[in-house]
Amino acid sequence: MSESQIKLYYKNVTSEVIGPEHGITADQLKQLAEETSPLMSQLNEEKRAGRTPYRDLPFNKEISQKVKELVAELKDRCENFVVLGIGGSALGNIALQTALNPYMHNLDDTQRPGPRLFVFDNIDPVQFGLFLDWVSNRLDKTIFNVISKSGQAAETMSQFMIVRQLLLDKLGHDACTKQVITTTDANQGILREIADNAGFRSLEVPEGVGGRFSVLSAVGLFGAAMCGVDIDSLLAGARDMDDRVSCEVFYKNPAAINAAINYHFYNRGKKISVMMPYSYALKDLADWYRQLWAESLGKAYALDGGEVHIGPTPVKALGATDQHSQMQLYREGPNDKLFTFLQVEKFDRDLKIGPSPDCSPELDFLAGKNLSTLLNNEKIATEYALLESKRPCLTIIFPEVNAYTVGQFIYLYEVTTSFAGALFNINPYDQPAVELGKEATFALMGKPGDEYEEFAEQIRALTEIDGDFLV
Ligand code: PA5
């Protein structure tokens with residue numbers, strides 16, 4: 001295992017630092033360890049029995065081999081790589097891109113190790129239309145990766161149908177087939193059927209792996225590898241984290257401790273979890289985490305069927321930006337949040353702050369200092385201010401941001417989510433509440449079937465605008 005391990009620092013949630021009213025006492029932590037300990041062997045057993053297939057992804061050589069072969073074949077004729085997907089089919093791709101490719105990736109050819117990357121995880125007609133205007137003269141150099149496990153997300157399939165028509169109109173049938181790669185279930189679903197019929201090349205969303213747990217499958221690896229990310233290091237990071245989160249000693253297992261602390265504070269009325277990276281590169285990992293946490297843990301029913309309506313609310317923030325936006329609330333508003341900072345020890349590059357103008361000696365204290373020193377000191381200052389207000393704070397420390405540490409982070413949070421699911425006694429792998437909205441959209445869009453017609457009327461009756469209430 002390399003030296004470059006990310007670490008979880010948890011002293012600043014303890015009563016020693018923020019007092020017993022808001023912090024965890026040594027006894028409470030001990031109790032938490034006892035409660036969580038049986039879950040460590042339970043989760044390991046689930047992994048061994050193949051009931052959590054996302055945990056096998058870092059070890060799956062077949063997937064990365066297939067991805068690399070496809071990348072080798074496509075790379076020379078691909079200047080633009082476009083992901084069409086939503087939720088778990090998109091957020092991992094966005095997070096990997098922001099974390100591991102240069103900020104100017106899409107704009108500067110000299111900095112870009114692969115094609116430009118565009119991820120469309122929404123169906124805004126203005127945004128998508130403007131993009132299609134731009135790309136329509138570049139279609140022969142553009143690969144569209146349509147990602148949908150179910151193959152029936154209305155958003156993704158609509159985007160696909162627009163793009164397909166554009167490709168057919170501009171390039172014709174054979175070329176259209178060459179420009180589309182689908183990533184979907186191996187055997188079932190509408191997209192699988194389309195891919196098989198049209199002869200699109202295809203990658204798989206592994207069976208039993210939900211969208212938000214799929215970034216280390218072809219869902220995230222293909223786009224990452226196309227754009228030059230070292231997917232071997234990403235997977236190596238996840239594998240090394242697997243060792244650490246499989247450890248059955250509570251105090252050595254960062255996923256168990258992380259989940260247990262989150263669970264403890266939820267039960268003490270801190271139902272909001274704020275993730276606040278102090279690094280631009282990590283900002284979209286907080287977005288990825290938000291979906292993972294919300295969709296996995298927000299549940300109506302416990303495993304025994306009892307109605308619970310449980311789940312921490314994840315919030316993403318960005319340091320230092322949000323110090324000037326959310327911090328007033330975080331310090332003086334209700335003490336109902338647990339904070340998790342993401343901190344980077346060594347940035348890829350640094351900048352020295354220039355000398356202060358002669359007329360402003362007040363700024364001399366900044367002159368000549370590194371920007372990374374300012375950013376990291378702002379993290380410490382913010383944490384200090386929160387601790388003074390008795391707000392519990394965790395920190396994930398990244399020695400540096402690279403594919404290896406990002407792979408660790410992703411896997412750490414996936415397994416933390418499994419632990420949290422077990423502690424909350426809910427199923428973290430389903431998302432039944434998302435279905436009603438999907439079905440309602442189908443009904444409103446005129447999907448055939450009597451049940452949809454009736455359903456559409458019911459929806460309209462409830463949501464129709466009543467002029468009496470319009471001001
Ligand atoms: O995590 C999940 O399961 C969801 O966010 C899905 O990824 C999202 O709803 C998209 O579904 P699909 O991949 O079937 O298009």
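**Exercise 1. The meeting of two domains**

How many residue pairs are in polar contact between domain 1 and domain 2? Work out what else joins the two parts of this predicted model.

*Solution.*
- Start with the bounds: the domain assignment gives domain 1 as 2-48 + 237-424 and domain 2 as 61-205.
- Next, look at the spacing and the contact. The C-alpha centres of the two domains are 32 Å apart, and the contact draws 13 residues from domain 1 and 11 residues from domain 2.
- Now answer the opening question: two residue pairs are in polar contact, both at pLDDT 80 or more. Salt bridges across this interface number zero.
- Then see which elements take part. On the side of domain 1 that touches domain 2, α12 (283-297) and α15 (403-424) are the elements that give two or more residues, and α12 has the largest share with six residues.
- Sort that side by residue type: eight are nonpolar, two polar and three charged.
- Finish with the area. The domains bury about 910 Å² between them, and 75% of it is on carbon and sulfur atoms. Tyr280, Asp284 and Gln291 supply 45% of the area that domain 1 buries against domain 2, more than any other three residues.

**Exercise 2. Following the salt bridges**

Which parts of the chain does the salt bridge of glutamate 73 and arginine 201 tie together? Try a second pair afterwards.

*Solution.*
- Find the pair: the side chains of glutamate 73 and arginine 201 meet at 2.2 Å, N to O.
- Place each partner. Glutamate 73 is in helix α3 and arginine 201 is in strand β6 (residues 201-204), so the bridge ties together parts 128 residues apart in sequence.
- Turn to glutamate 383 and lysine 379, whose side chains form a salt bridge at 2.7 Å, N to O. These two are four residues apart in helix α14 (residues 371-388), so about one helical turn separates them.

**Exercise 3. Buried or exposed?**

Is aspartate 336 buried or exposed? Use its relative accessible area, and then list its contacts.

*Solution.*
- Locate the residue: aspartate 336 sits in the loop between α13 (327-332) and β11 (337-346).
- Apply the cut-off: buried means under 20% relative accessible area. Aspartate 336 has 19%, so it is buried.
- List the contacts. Leaving aside neighbours within four places in sequence, aspartate 336 is in contact with Gly269, Lys270, Lys271 and Ile272.
- For practice, check two more residues: glutamate 383 has 7% and is buried, while glutamate 73 has 47% and is partly exposed.

Note on methods:
Residues are numbered from 1 along each chain as its sequence is written. This is a predicted model: local features need pLDDT of at least 70, side-chain atom pairs count only at pLDDT 80 or more; totals for chains, interfaces and linings use all residues. Side-chain values use heavy atoms; hydrogens and water are left out. Domain bounds come from an automatic or database domain assignment. Contact means heavy atoms within 4.5 Å. Buried area is the accessible area (1.4 Å probe) that two parts lose on being put together, summed over both. A salt bridge is a side-chain nitrogen of Lys or Arg within 4 Å of a carboxyl oxygen of Asp or Glu. A polar contact is a pair of N or O atoms within 3.5 Å; within protein, one must be able to donate a hydrogen and the other to accept it, and residues adjacent in sequence count only if both atoms are side-chain atoms. Ala, Val, Leu, Ile, Met, Phe, Trp, Tyr, Cys and Pro count as nonpolar, Asp, Glu, Lys and Arg as charged, and the others, Gly among them, as polar. Buried means under 20% relative accessible area, exposed over 50%, partly exposed in between (1.4 Å probe, protein chains only).
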